[in-house]
There are 2 protein chains.
Amino acid sequence: MNKEKPIILITNDDGYQAKGLSSLIEFVKPLGRVLVVASDSQRSGQSSAITSSQPVRAHHVVKDDDYTLYICSGTPVDCIKLAFDKLCDRKPDLILSGINHGSNTSISILYSGTMGAALEGAVYGIPAIGFSFCNMSKDADFSPLKKYVQSMVTRALNQEMPDDICLNVNFPVGVIKGIRICKQAKGHWTEEFLHRKDPSGRSYYWLSGFFINKELENEETDEWAVANGYISIVPCKVDLTAYEAFPRLKDWATVTKENL
Amino acid sequence: MNKEKPIILITNDDGYQAKGLSSLIEFVKPLGRVLVVASDSQRSGQSSAITSSQPVRAHHVVKDDDYTLYICSGTPVDCIKLAFDKLCDRKPDLILSGINHGSNTSISILYSGTMGAALEGAVYGIPAIGFSFCNMSKDADFSPLKKYVQSMVTRALNQEMPDDICLNVNFPVGVIKGIRICKQAKGHWTEEFLHRKDPSGRSYYWLSGFFINKELENEETDEWAVANGYISIVPCKVDLTAYEAFPRLKDWATVTKENL
């Protein structure tokens, strides 16, 4: 094994057969030893879910000096955790996730398996980048993204990433005008379920709906960037504490057994 | 229907039969109209996962003026989203999740289905509280928590919660000394998988491991609070942007097609 090269750990949430994953592998193979641990099937919307009610399996389908591919029965976060704990011979230098088929801007970061996996990097203090392409087609052409991905990966391997964060990178469709460092746009989904009836007349619901961007005009957001031809980079952290809310909650801490 | 009473929407991640859920329902029934949409089975570790690859079903098992219970085939977040979109006759006044059997302090917020559901409140601008009890027993005695839960729910219904956040509330085991407003402790899990072999000799892995608290002495953390007999309240937000990382990323935005 070539111990000199950096170890790049890769997963995704579209499953091991996705074109976005194979594109990412191809892009970064020249930059290090690549260990891929990918889910055996589509795991979109899996967030940071972990599998505790049943065991997880993984088996390698490719194994050579500089490229190993495991297929795993777990979620994207399971893939990363299993790699850390059992499949990797040392701590990886970089975690990559994606390239996701479809955007993960704004609030999508909460639900995204791609970003769930990238956030593990921030938990464990390993640089991590989640890549998403605002094109949901399974045959999307990822080649225009190649040089941007390679440039970002090289920077991350050169320790140019801030500590204890991961990056949420979204690529726009069409001509790329440049890169913007962004904040996560405020927004939410609405009319989220389609109501249908099965042949027995029983109701079922399909997750659907559309996104409402609450910061449509804000040029600092990731939504604005990708809508206007820019690659968005949002640095993300795993401390969800809303420190600014502490003063308003002061009274909540005055409750005791005696004054309840 | 009594339209005057506040609507309290409840879910959990231990499934509709959990004692923590029935305790929570019992505690808050006197405070409003209660709509419960709970998963049909254990959904621990489901984070903010959503179900998009198959439809979701829900059917009510109790339906009267002030208390309705639906059992849902989806994740905790699916339960909340389906309630908003299809099961609730108006926007709920408060979302509650739990009471979880087991703690959700520190980084557990990332993986917790209980907190995934509560974070939906912060997404949609509805006050939300996730309750967890640091006792994993399915027969845990929740009765000492009753008055604290009722006090917090009353405050939340009186609009004493800051906007656009949810609360992560953890109850310690044993005598309760008081309440502390806390930050999420830094930490991570380690040695996360047990390796076993099945009767055919094939490997499988069980999620396990133990937690490493990286802020053991920090009295401002939720971990310290529950370890020392206090109820911890962590206000949580859904904007994961690490604004403090922007300066270090400035150079990343200088890349263009021409200088790649």
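**Exercise 1. Determine the strand order of the open nine-stranded sheet in chain B and its edges.**

Solution. The open sheet of chain B has nine strands in the order β3-β4-β2-β1-β5-β6-β7-β13-β8, and the pairing is mixed. Strands are DSSP runs of E with at least two residues, helices are runs of H or I with at least four, and both are numbered from the N terminus. Two strands pair if DSSP finds at least two bridges between them. The edges are β3 (58-63) and β8 (178-181) of chain B; each has a single partner strand, so one side of each lacks a neighbour in the sheet. On average, neighbouring strands of this sheet are turned by 20° against each other, direction ignored.

The model is predicted: local features need pLDDT of at least 70, side-chain atom pairs count only at pLDDT 80 or more, and totals for chains, interfaces and linings use all residues. Residues are numbered from 1 along each chain as its sequence is written, while chains are lettered from A and ligands numbered from 1 in the order in which they are written.

**Exercise 2. Describe how β8(B) is joined to β13(B).**

Solution. Strand β13 (residues 230-236) of chain B runs parallel to β8(B), and four bridges join the two. In β13(B), I231(B) is the bridge partner of I179(B).

**Exercise 3. Characterise the packing of α1(B) and α5(B).**

Solution. First, the placement: α1 (residues 19-28) of chain B lies across β1 (7-11), β2 (33-39), β5 (94-101) and β6 (128-133) of chain B, at about 140° to β5(B). Axes are lines fitted to C-alpha atoms, for helices over the stretch in contact, and angles between N-to-C directions run from 0 to 180 degrees.

Next, the axes of α1(B) and α5 (residues 146-157) of chain B come within 9 Å and cross at roughly 60°. That makes α1(B) oblique to α5(B) (under 35 degrees is roughly parallel, over 145 roughly antiparallel, 65 to 115 roughly perpendicular, the rest oblique).

Last, the residues: L24(B), F27(B) and V28(B) of α1(B) meet K146(B), V149(B), Q150(B) and V153(B) of α5(B). Contact requires C-beta atoms, placed from the backbone, within 7 Å.

**Exercise 4. Relate chain B to chain A.**

Solution. A turn of 180° and a shift of 0.0 Å along the axis lay chain B on chain A with an RMSD of 0.0 Å. The two copies are thus related as by a two-fold rotation axis. Superposition is by least squares on C-alpha atoms of residues with pLDDT of at least 70 in both copies.

The contact takes 68 residues from chain B and 68 residues from chain A. Of the interface residues of chain B, 100% are also interface residues in chain A, so the copies meet through the same surface.

Notes. Two residues are in contact if their C-beta atoms, placed from the backbone, lie within 7 Å.
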